[in-house]
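Please examine the structure shown below. The explanation that follows leads through selected loop residues, the nonpolar interior and one pair of packed helices.

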Amino acid sequence: MPGSRTAISSQGTGRAPEIALVLGAGGARGLSHIAVLEAFDELGLKPSQIAGCSIGAIIGAAYAAGLSGRDLREHALQSFRDRARVIAKLLDARVGKLTDLVRGLGNPVLIDGERLLDLFWPEAVPDRFEELAIPFTAVAADYHRHAEVLLDEGPLTPAVAASLAIPGLVRPVALGGRVLIDGGAIDPLPYQGLLAPGRIVIAVDVSAPTTATSDTRIPGAMEAIVGASQILTRTLVQSMVERRPPDILIRAGADRIGGLDFFKAKAILAAAEPIKDEVKRALARALAAAG
């Protein structure tokens, strides 16, 4: 059943605790998640389960499929190297046409999330949750019921498309009798349901911090849509962490990176490089304390 959680305690068993990895929402800043995955690979550790929201669901599902952090780094750099090719793919993934705007038929830039994933995901990502090498959960929001939805079985692509369906940018997904939108609207860093004895939960927050108050630039329409989502994400994460933090909280993401700055992939990944050592030290401390 989607959203089910089972705690495994290490107390009295002599076994090391399991590690749950949570990758949060944050647009292009979420490419920083790749550095965290590389740290896991360099330590020779694999999380026992992964949960992701929005960009965290995209990257988390690919890692759960068996791709390495280095594989994902190379794929991201290759995918966003050719601006014209990326734009062509985005145009191909649109739901409507520019003429629809004039005729009042809808949003001409709205993206079909499933088609977008088919265009940008590595081919090694399977079609179903059950084919993943690591158990994975994508987080979405039920638009009509105003509730969190945890997706961990069945078709993978529509579930992740729902998790990244930012209103006004990516079309909502009808799945399982529900209309689903971006999980960042309700739980952008979905770690709280994973906290349990015998488990180390490492949550990676890539939400955008505030910018300088002297910045008076007016954002464009698309930037404002994504920017509003980023503000909501940051506010929700801050509230969650203040109430009950994860076992390990990693703050990642280069400063002054917008939600749509995917063409800055090389700079984002370079800025995230120091995160690797932070992740390794935090995991070493947590494992030593658990032992």
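**Loops, core and helix packing**

Leaving out residues up to four places away in sequence, Ser32 touches Val206, Ala252, Gly253, Ala254, Ile268 and Ala272. This description rests on a predicted model. Ser32 belongs to the loop between β1 (18-23) and α1 (33-43). Its relative accessibility is 0%, and Ser32 therefore counts as buried.

A second serine, Ser54, is placed in the loop between β2 (49-53) and α2. Ser54 has a relative accessible area of 7%; because buried means under 20%, Ser54 is buried. When neighbours within four places in sequence are set aside, the contacts of Ser54 are Ala25, Ser163, Leu164 and Asp182.

Arg94 is located in the loop between α4 (83-92) and α5 (98-103). With a relative accessible area of 22%, Arg94 is partly exposed. Arg94 and Leu110 are separated by 16 residues in sequence, and their C-alpha atoms lie 5.7 Å apart in space.

The nonpolar interior may be considered next. In soluble globular proteins, nonpolar side chains tend to be buried together. Here the largest nonpolar core comprises 70 residues, and those with the most contacts inside it are Leu21, Phe40, Phe136, Leu156, Val160, Ile202 and Val279. Helix α2 (residues 55-64) gives the most to this core, contributing seven residues. For Ile202, the contacts beyond its neighbours within four places in sequence are Ile19, Ala20, Leu21, Val22, Phe40, Ile248, Ile250, Val279 and Leu283. Apart from the largest core lies another core, of 12 residues, among them Ala20, Val22, Tyr191 and Met240. Ala20 and Val22, members of this other core, are thus also among the contacts of Ile202.

The last topic is a pair of helices. Two packed helices are described by the angle between their axes and the distance between the axes. Helix α6 (residues 113-120) packs with helix α7 (residues 156-163) at an angle of about 110 degrees, and their axes are 8 Å apart. Angles of 65 to 115 degrees count as roughly perpendicular, and α6 and α7 are therefore roughly perpendicular to each other. The crossing of α6 and α7 is right-handed. On the α6 side, the contact is made by Gly113, Glu114, Leu117 and Asp118, and on the α7 side by Thr157, Pro158, Val160 and Ala161. Classified by residue type, the contact of α6 with α7 has four nonpolar, two polar and two charged residues. Val160, one of the α7 residues in this contact, is also listed among the residues with the most contacts inside the largest nonpolar core.

Note on methods:
Residues are numbered from 1 along each chain as its sequence is written. This is a predicted model: local features need pLDDT of at least 70, side-chain atom pairs count only at pLDDT 80 or more; totals for chains, interfaces and linings use all residues. Side-chain values use heavy atoms; hydrogens and water are left out. Axes are lines fitted to C-alpha atoms, for helices over the stretch in contact, and angles run from 0 to 180 degrees between N-to-C directions. Helices (H or I, at least four residues) and strands (E, at least two) are DSSP runs, numbered from the N terminus. Angles under 35 degrees count as roughly parallel, over 145 as roughly antiparallel, 65 to 115 as roughly perpendicular and the rest as oblique. A crossing is left-handed if the near helix is turned anticlockwise from the far one by less than a right angle, and right-handed if clockwise. Contact means heavy atoms within 4.5 Å. Ala, Val, Leu, Ile, Met, Phe, Trp, Tyr, Cys and Pro count as nonpolar, Asp, Glu, Lys and Arg as charged, and the others, Gly among them, as polar. A nonpolar core is a set of buried Ala, Val, Leu, Ile, Met, Phe, Trp, Tyr and Cys residues joined through side-chain atoms within 4.5 Å. Buried means under 20% relative accessible area, exposed over 50%, partly exposed in between (1.4 Å probe, protein chains only).
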